[in-house]
Amino acid sequence: MPAGCQVEVEEGVESVLVPFTTTPLLPEDAKVVWTDSKYWKVHVYENGSDQPETQHEFYTTRTTMNEDLLKTGDLSLTLRYPTERDSGRYRCVIWTEGELLRGKTVQLKVKAGTVQVPDQPESIRTRSCSIDPTPLMADQSV
């Protein structure tokens, strides 16, 4: 499985994108689960919609995913108002009928805040976060 990537952002930005792009046209019954390094559920997508009642309260109202994510294969997570507490490992797994289809780990580093000047672009650096070309495989080990 690919090693993942690292995203760095400064505290105080409005949001950060935790990237994961995979094979498009995933099965309609796929379940997508983002967790953090504490194994808290950051975001869950199942049965065609987000499942906010299953996520940890620390992330309530702070996460979004794209629409049609199973069709496009863009499973990236947007985390709003990141703080240093959000730094750590984020893992996304895709399940269907109890089988792991895909997974990716992203390291997020939120640096101590600096005063942000209005109308300035957000300071975000993404390293080694390209599209994952690995084909969809049900027999991939964890």
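**View 1. Contacts of Gln-107 in the predicted model.** Outside the residues up to four places away in sequence, Gln-107 touches Cys-5, Gln-6, Val-7, Gly-88 and Arg-89, a contact being heavy atoms within 4.5 Å. Gln-107 lies in strand β9, residues 99–111; strands (E, at least two residues) and helices (H or I, at least four) are DSSP runs numbered from the N terminus. The relative accessible area of Gln-107 is 36%, so this residue is partly exposed (buried is under 20%, exposed over 50%, partly exposed in between; 1.4 Å probe, protein chains only). From Gln-107 to Asp-36 the C-alpha distance is 9.6 Å, with their positions 71 residues apart in sequence.

This is a predicted model, in which local features need pLDDT of at least 70 and side-chain atom pairs count only at pLDDT 80 or more, while totals for chains, interfaces and linings use all residues. Residues are numbered from 1 along each chain as its sequence is written, and side-chain values use heavy atoms, without hydrogens and water.

**View 2. The loop residue Asp-29.** Asp-29 sits in the loop that joins β2 (15–18) to β3 (31–35). With a relative accessible area of 43%, Asp-29 is partly exposed.

**View 3. Elements and burial in the protein chain.** One helix and 10 strands make up the elements of the protein chain, in the order β-β-β-β-β-β-α-β-β-β-β from the N terminus. Of the 142 residues in the protein chain, 39% are buried. Among contacts with a separation of 6 or more, 67% are between residues 24 or more positions apart.
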